[in-house]
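Trainee: I have a model to go through. Can we test each label against its definition?

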Amino acid sequence: MEIAYGILGPTTVRMHGKMAENWAPPQARHLLAALLTQPGRRFSQRALLSWVWNDEAAPTSPKDALYKAVTRLRQALDGADHPAVVRAVNGGYQLEINPNLVDYHVFRNEIVKARHLSNARDHERARDLARAALSLWRDEPLTGISTSTAQDWRVGAIRSEWTPAYSFLVTELLTLGQPEEALRKLDELPADYAKQLIFVLLRLDALYAARRPREAEAFRRSARSAFREDGDADAAATLLTHHNRAGAQPAEPRPSIRTTTRRQASAPIRIGLPRAVRGFVGRAETLQALDQLLLADGEDHAPVTIITGPPGIGKTSLAVQWAHGAVGSFPDGIIYIDLQGFGPAAERDPDDVVDLILTALGFPVDHLVSPTARAAYLRDHLAQRPRLLTVLDNARSSAQAEELVSLFESSTVMLTSRSPLHSVARRHGIPTLALGRLDDEQAFVLLNRRLRARADDEPEAAHALAQLCDGLPLALTLVGQRAASRPRTRLSTMLDQVRDPEMLLNIGDDGDDTSLLNAFSSSYLALDANAQAVFRLFGKHPGTDIHADALLSAAEHPRRDTLRALDTLVAWHLLDQDGAPDRYQIPDIFHLYARSLTPDAADLQPLRRLLSHYLQTAVLAQQMAYPHSDQPPLLPAEPGIVPTRFSTTAGATQWVRDERRNLSALISEAARHGLHDYAIALPHLLADTWEQCGWYADTTHGLSIAARSARVVGDVMAEAATLNDLGEMYLNLGETQHAQRYLGEALELATRHDIALGLLTININLARLHRQQARPAEAVAICQKCIVQARELHNPVREAKAEHYLGDILTDLDQYDQAITHYGRALDLRTAEGDTSGKIAAHTALASLHTLSRRFELARRHCEYALDESANHGDLTATMKLCVVRAQLAQATSDGTAAIRLARDAVEMSERAHNATGQARALETYGALLRDQGEAVPARDAWNKAVAFYRGRGQHTKADRLQARLDELAAGLGSSLPQARADSEDTAVIPHPASGQ
């Protein structure tokens with residue numbers, strides 16, 4: 001077995017053929033350890049922070065610290081023999097690596113194989129596999145990580161993985177008649193582990209098997225005495241029973257347990273406990289937590305525990321599963337009562353529960369007329385049975401649970417509820433375990449069991465069905481049962497059926513109230529009217545993730561009431577808050593239910609208010625980030641709308657990035673419901689940031705809808721402006737055919753309707769089109785014409801843009817002095833307008849040209865001016881472009897160290913800005929500098945990434961040009977370089993360093 005990553009000891013990575021321990025800074029190593037525990041699983045940022053940093057050592061800026069740790073981890077893993085990929089997924093991170101390269105997962109798989117061999121009576125191979133698997137444990141797992149999260153995982157792994165495996169190996173040795181070797185293995189145990197009951201019993205068996213009865217008897221006495229001293233009467237009694245069964249000594253009379261608190265023992269109580277669920281899946285961590293809470297001795301023991309979670313999450317199944325597994329720990333019996341807190345039946349009050357139990361015990365309840373007297377009798381009766389488990393399932397409220405907790409105070413109690421039961425939990429200090437949805441793997445396993453293994457025939461359809469169920473056990477069970485009851489219906493056919501939300505929600509509604517719709521409705525109806533209204537609002541929102549500001553604006557209730565409603569929905573597990581405290585997520589399956597509460601024919605006012613909030617916020621974001629860009633006509637805000645406000649450019653652009661999926665979906669929703677004014681305005685406010693991030697598909701989608709909506713309402717100016725923006729976007733992509741089509745349509749509309757400003761804007765883009773099509777003369781002529789038109793229209797913003805583009809064209813023609821003149825004019829105009837972004841772009845272009853012309857002092861001066869302007873501007877993209885030019889200047893003035901540092905900074909800034917275009921440009925420059933300084937291999941890697949950006953965006957001309965340089969570099973290295981791989985998440989177009997303004 002080849003191991004490339006290890007967590008069974010210090011976190012190690014195979015590098016250069018050897019397992020290395022100090023391969024990265026501690027935070028990066030701890031981060032990898034967390035991700036290696038479950039490869040392929042998404043970890044939230046909050047979860048990873050708890051793995052890497054203790055509370056007392058938490059960083060002041062957790063997200064920044066985590067980002068740095070991820071960056072360092074990625075850099076370090078590039079040098080691994082088997083590189084793993086750390087991907088950002090939905091605000092968290094996951095590790096992509098074959099689990100069979102990780103020692104912990106190899107260990108688990110090998111032990112499973114060993115157990116199968118043992119069951120097949122191949123004990124020799126079982127022994128050898130177990131021995132090899134246990135040899136992977138170099139030390140305690142996650143050695144060196146001291147966080148409580150890591151410690152909890154470590155304890156769980158030792159308890160649930162290592163201890164059973166070690167005892168399995170010893171058992172196999174005894175089965176094979178090798179007691180002396182079994183004793184040697186037991187002698188190797190650390191002292192604390194050797195005292196565990198399982199290993200004590202195995203040592204006793206091994207001593208008798210080795211025919212050493214005197215040692216066995218002495219050991220038995222010593223171990224039993226130790227158990228008694230520790231107050232573990234059960235372990236002492238179990239040891240005695242085990243010893244007597246071995247026939248070593250005559251049986252001693254076993255003392256009754258807790259004789260000081262019990263009357264004469266009677267048969268254990270068995271009331272109401274359902275059968276354990278067949279094919280129970282997952283929940284190992286929660287079952288282990290219940291063991292620790294309800295079965296522990298001393299201070300760790302919690303006599304009452306609450307299990308909460310949303311409807312259908314499997315609270316009852318979990319409670320019943322654990323109760324059956326723990327039956328031996330409760331010799332006085334188990335009582336299970338369904339409190340009927342949610343559902344069609346009336347909830348049980350405490351008096352009902354008392355009468356139900358007394359009747360089951362055979363006590364004639366009519367002998368005591370007073371309910372108080374009956375409760376007192378039951379309380380006294382239960383006090384004689386302290387080793388009793390009571391499961392109170394489906395409690396509705398703290399009020400219902402409060403009196404019952406007091407009633408069963410002498411026994412161990414497990415409460416389940418959809419409600420958080422905060423009041424009773426706080427008053428009595430009761431620990432609460434919240435159940436989450438099953439992960440993808442567990443969901444598929446559960447569904448397949450309900451499908452009776454039909455997933456093997458149609459795995460893709462089965463996986464898709466599992467995903468539709470959103471990790472909810474009830475949904476998986478209902479879908480599986482429906483498929484199992486229709487063996488002739490293909491899973492792919494059923495998949496098509498349940499993609500209809502109404503079909504999915506109503507599966508199982510055969511008269512027994514077990515459908516998802518009934519389960520969800522019982523929770524929804526238990527909410528107050530305000531919480532119900534906020535929940536319905538999620539049904540009008542197209543995305544499942546929503547910022548608190550949007551909810552506060554769209555809800556037609558006071559802010560305080562809305563926040564209280566949100567807290568209620570989170571507490572009832574109908575909403576999640578994973579990560580940012582100002583964002584709420586609704587699980588997909590609850591989103592379907594919320595949408596079913598607000599059909600399309602209903603009032604559009606909630607959707608209109610949501611759109612109004614997003615539009616007004618988008619206006620503020622564009623005004624902050626692009627103050628000199630054109631804005632569509634403003635729509636009046638709906639009454640009570642309070643948009644999100646921004647204090648920095650970075651904050652504004654970050655909002656547009658974070659809300660991309662919601663905004664894109666809302667544009668479609670607006671057009672679908674005839675709210676065309678919003679469908680027209682929103683795309684224009686978002687296009688600048690989306691294009692900067694390389695999200696061209698979203699930009700095209702939004703602008704295409706805007707053009708159709710403008711055509712529907714007959715808004716010629718909006719249609720022409722949208723067609724122009726589509727053409728400009730395709731110009732940025734280098735797709736000249738599409739650009740020519742849209743710009744031509746825009747020009748025809750603007751000409752026919754004599755839209756002067758539109759004609760000017762379109763012609764500036766046509767000049768750019770001619771430049772891309774290698775027609776510089778035409779491009780120059782159009783730019784010169786546009787400059788005159790802009791002056792006539794008194795539009796200095798477009799005049800500056802035309803001057804700047806004319807400078808770009810003249811730069812292409814190597815007419816540097818003339819280009820400098822036009823960049824200078826653009827700079828003067830932008831200075832007069834207070835256009836900071838424009839000034840930075842002009843200074844950057846001038847610095848680039850002066851560097852090419854070897855006028856280094858002028859280049860430095862423009863760099864300094866641009867730096868001064870950008871200091872308080874917060875535009876990472878502009879700063880990144882300037883950094884590239886400064887790197888080129890440093891290289892030209894023989895300061896290679898500064899050049900490399902600046903280019904590396906540019907790459908990092910482009911990543912932080914999510915600017916794929918800038919990242920590509922920075923990488924190309926970085927590679928060139930590395931090549932010039934003789935660093936051929938790093939240069940090759942940087943250029944390969946840049947080529948991938950070009951290919952992914954269809955920029956094959958630029959990709960071919962850079963590939964030619966790569967081939968030259970390869971020839972110098974004496975080997976052929978691999979072709980760069982396109983990566984759709986990170987690809988971009990790289991413009992001229994002075995372009996774009």
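Mentor: What follows is a set of labels and the reasoning behind them, all for a predicted model.

Trainee: Why is Asp352 called partly exposed?

Mentor: Its relative accessibility is 37%. Buried means under 20% and exposed means over 50%. The value falls in between, so Asp352 counts as partly exposed.

Trainee: Where does Asp352 lie?

Mentor: In helix 14, residues 350-360.

Trainee: What makes the patch of Asp349, Asp351, Asp352 and Glu403 negative?

Mentor: Asp and Glu count as negative, so a patch formed by Asp349, Asp351, Asp352 and Glu403 is a negative one. Patch residues need over 30% relative accessible area. Asp352, at 37%, meets that cut-off.

Trainee: How do you know that strand 5 and strand 6 pair?

Mentor: Pairing takes at least two bridges. Strand 5 (residues 85-89) and strand 6 (residues 92-96) have five, in the antiparallel sense. One bridge joins Arg87 to Gln94 in strand 6.

Trainee: What do strand 5 and strand 6 form, and how many residues lie between them?

Mentor: A hairpin, with two residues in between. Asn90, in the turn, has a positive phi of about 50°.

Trainee: Which strands stand at the edges of the open sheet, and why?

Mentor: The sheet has three strands in the order 1-2-3, with antiparallel pairing. Strand 1 (5-6) and strand 3 (18-20) each have a single partner strand, so one side of each lacks a neighbour in the sheet.

Trainee: How do you know that strand 2 and strand 3 pair?

Mentor: Strand 2 (residues 12-15) and strand 3 share three antiparallel bridges. The requirement is at least two, so they pair. Met15 has Lys18 of strand 3 as its bridge partner.

Note on methods: Residues numbered from 1 in each chain as written. Predicted model: local features only at pLDDT ≥ 70, side-chain atom pairs only at ≥ 80, totals over all residues. Heavy atoms only, no water. Patch = residues over 30% accessible without salt bridge, like charges linked within 9 Å, V, L, I, M, F, W, Y side chains within 5 Å. Areas by Shrake-Rupley, 256 points an atom, 1.4 Å probe, with all protein chains shown as cover. Salt bridge = Lys/Arg side-chain N within 4 Å of Asp/Glu carboxyl O. Charge placed at Lys NZ, Arg CZ, Asp CG, Glu CD. Helix = DSSP H or I, 4+ residues; strand = E, 2+ residues; numbered from the N terminus. Buried < 20%, exposed > 50% of the residue type's maximum accessible area, 1.4 Å probe, protein only.
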